[in-house]
Amino acid sequence: MNSTLFLQSDISNPYLTYKTMLQNNPVYWDETNKIWALYSYEDCVSILKDPKAEIPTVNPNNEQKLNKKALEILNNLTRLSNGIQHKISKEIAMLLFSKMKSVDITSILSQLIKNNLAANKMDWVNSVCKKLPLLVVLKSFNFEDKDCSFILYQIESLVKIMLPQKTEEQVKSINEISETIFSIVEKQLFQLSFYESLSAKITESNALSLDEIKTISISNLIGLFIQSFDAGRGILSNSLLQILNNKTFSTKTEIEKSVIETLRFDPPIHNTRRIVVEDIFIGESLIKKNDSILLVLASANRDPKKFKNESKFDMERNTNTENLTFGIGGHMCLAKHFSIHLATEALWFLFNEFKTIKILENNIQYEPMINARLPKVIWISLQ
Ligand code: HEM
C-alpha cells in the first residue's frame with residue numbers, strides 16, 4: 001500500500017492516488033507513518049469542525065532548539081494554536097488583517113514584471129508569485145521599501161518555522177533572522193495608527209498585559225507574512241497554468257471563476273493535520289486519543305459526492321466555492337477572499353496587458369513538499 005505522506009516533487013499526478021484511496025480506503029491507517037488519512041469530503045469536514053481534533057504541536061519542548069525570538073513567534077501563531085490561546089491570537093490576527101489598507105495590486109505587479117522581463121521571457125514563479133502576495137501584505141501595513149526588501153529576501157527561510165520536522169540548517173537560518181524580523185515588525189507596529197485601540201480592545205476582553213499583547217501581535221503580523229507566502233505563490237502559479245490550459249481568460253469574471261475552480265481542481269495546499277484529544281469514530285473506524293490525522297483536502301475537493309464530474313476543470317460547476325482548500329471551521333483561513341481577489345486582479349492585469357502569453361515549460365517540476373503542491377518555476381513568454 002502507498003504511503004500517505006509523499007513529496008509532491010516525486011509524483012506526477014497525485015489526484016490518481018487520491019482517487020484510488022477515496023474509492024478503496026477513504027479512512028486509512030498508515031502504519032509506516034503512524035497516521036490516519038482521510039480522503040472524503042464528508043470526513044474532512046467533520047474533523048475540521050470537531051473540537052476534539054486539535055492542531056498538532058510543532059516543536060514540543062523546543063526539541064528543534066529554536067532560539068528565544070523564533071520560539072516566541074512560533075508559540076504565538078494562531079495557525080498553530082488551540083483552545084483559549086487560539087481564541088486570543090485569532091482575534092488579534094483578524095483585527096490586524098481587517099486593518100490592512102487597500103493597495104494597488106496592479107502597480108506592484110507591473111513593476112515586478114518590468115524588473116524581471118528579459119527578451120519577452122520571465123519566470124512567473126520567482127519573479128511574481130513568490131513576491132506579489134507578500135509585498136501586497138507588507139505595503140498594506142506601510143512597511144518601508146528597505147524593510148519590504150529584507151523580509152522578501154528572508155521569507156523563504158522563515159516559512160520553514162511551520163514545518164513539523166526541520167533540518168539543522170533550517171533551524172540555523174530561522175534562528176539567525178527571527179530577531180531582526182521581530183524588531184522590524186515591532187517598530188512598524190507602533191507606527192500603525194490603529195495599534196493602540198487594538199491593544200486596548202484586547203486588554204478589555206482578555207486578562208493580558210500590554211507586553212503580552214504586543215508579542216502576540218508582532219508574531220501574528222509575521223504569521224500573516226508566512227501564511228501569504230507559500231499558499232499565495234501557489235494560487236498564482238496554479239491558476240495561470242489552468243487558465244492557459246483551459247483558455248478561460250476573456251473576461252475578469254471568467255478569470256475569477258477559473259481561480260476558484262483552480263482552488264478546487266489543482267489547489268496549492270493539499271493537506272493539513274490534526275491530533276485527536278479524545279477517542280472518536282469516523283464511520284466504523286475508532287480514532288484513539290493522541291492519534292494523528294492527515295486531512296487530504298485536495299482529495300476531498302475531488303469527491304464525486306460533492307463535485308459532479310470531479311475530474312473535469314469546470315468553472316461553471318455550482319459547488320466550486322465549497323472547496324476545502326482554505327479549510328473550514330475554527331481554523332479556516334481568514335484570507336480566502338483576499339487571496340481570490342489578489343489572484344483575479346493580478347491575472348486579469350496580465351491577460352489585459354499582453355496579447356499572447358505562452359508557457360515555455362514542457363514538464364512542470366514541483367517543490368519537495370508534503371503539504372503543498374507548488375511549481376518550482378514556470379517560464380512564460382509575454383508578447
Ligand atoms: C491561496 C491562498 C491560501 C490558502 C490556500 C490558504 C489556506 C489555509 C488553510 C488550509 C488554513 C487552515 C489550516 C487548518 O485548519 O489546518 C489557513 C489558515 C490560515 N491562513 Fe490561509 N491560505 C491562503 C492565503 C492566506 C493569506 C494570504 C493569509 C494572510 C495574509 C493567510 C492567513 C491565514 C491564517 C492567519 C490562518 C490561521 C487561521 C487560524 O488559526 O484560525 N492565508 N489558510
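Which residue in strand 10 is the bridge partner of Met122? In this predicted model, the partner of Met122 is Ile380. That pairing makes a handy doorway into the structure, beginning with the sheet to which it belongs.

Three strands form an open sheet in the order 4-10-9, and their pairing is antiparallel. Strand 4 (121-123) and strand 9 (357-359) are the edge strands, each of them pairing on one side only. On average, and with direction ignored, neighbouring strands of this sheet are turned by 30° against each other. Strand 10 covers residues 379-382 and is joined to strand 9 by three bridges in the antiparallel sense. Three bridges, again antiparallel, connect strand 10 with strand 4. Ile380 is a helpful landmark here: this residue of strand 10 is the bridge partner of Met122, and Ile359 also stands opposite Ile380.

A second open sheet has five strands, arranged in the order 1-2-8-5-3 with mixed pairing. Its edges are strand 1 (27-30) and strand 3 (53-54), and each of these pairs on one side only. Within the sheet, strand 5 (271-276) and strand 8 (residues 292-296) are held in antiparallel pairing over five bridges. One position to look for is Asn271, which stands opposite Val296 in strand 8. Helix 2, made of residues 41-48, lies across strand 1, strand 2 (35-38), strand 3, strand 5 and strand 8. The helix runs at about 130° to strand 8.

Strand 5 also leads the eye to the ligand, as this strand supplies at least two residues of the surrounding shell. Helix 4 (83-98), helix 11 (210-246) and helix 14 (336-353) likewise each supply at least two. Of the contributors, helix 11 gives the most, with five residues. Altogether, 24 residues surround the ligand, and the closest are Thr78, His86, Thr272, Arg274 and Cys333. Sorted by class, the shell holds eleven nonpolar, ten polar and three charged residues.

Several side chains of the shell can be followed atom by atom. In the side chain of Thr272, an N or O atom is 2.6 Å from an oxygen atom of the ligand. For His86, an N or O atom of the side chain is 2.7 Å from a ligand oxygen atom. Gln227 places a polar side-chain atom 3.3 Å from a nitrogen atom of the ligand.

The ligand also carries an iron atom, and this raises a further question: which residue is the only protein donor of the iron atom? The donor is Cys333, through its SG atom, at 2.3 Å. Cys333 is found in the loop between helix 13 (297-300) and helix 14. Cys333 is thus listed among the closest residues to the ligand as well as being the only protein donor of its iron atom.

Note on methods. Residues numbered from 1 in each chain as written. Predicted model: local features only at pLDDT ≥ 70, side-chain atom pairs only at ≥ 80, totals over all residues. Heavy atoms only, no water. Near = heavy atom within 4 Å. Polar contact = N/O pair within 3.5 Å; in protein donor to acceptor, adjacent residues only side chain to side chain. Helix = DSSP H or I, 4+ residues; strand = E, 2+ residues; numbered from the N terminus. Nonpolar A, V, L, I, M, F, W, Y, C, P; charged D, E, K, R; others polar. Pairing = 2+ DSSP bridges. Axes fitted to C-alpha atoms, helices over the stretch in contact; angles between N-to-C directions. Donors = N, O, S within 2.8 Å, 3.2 Å for Na, K, Ca; no water. Contact = heavy atoms within 4.5 Å.
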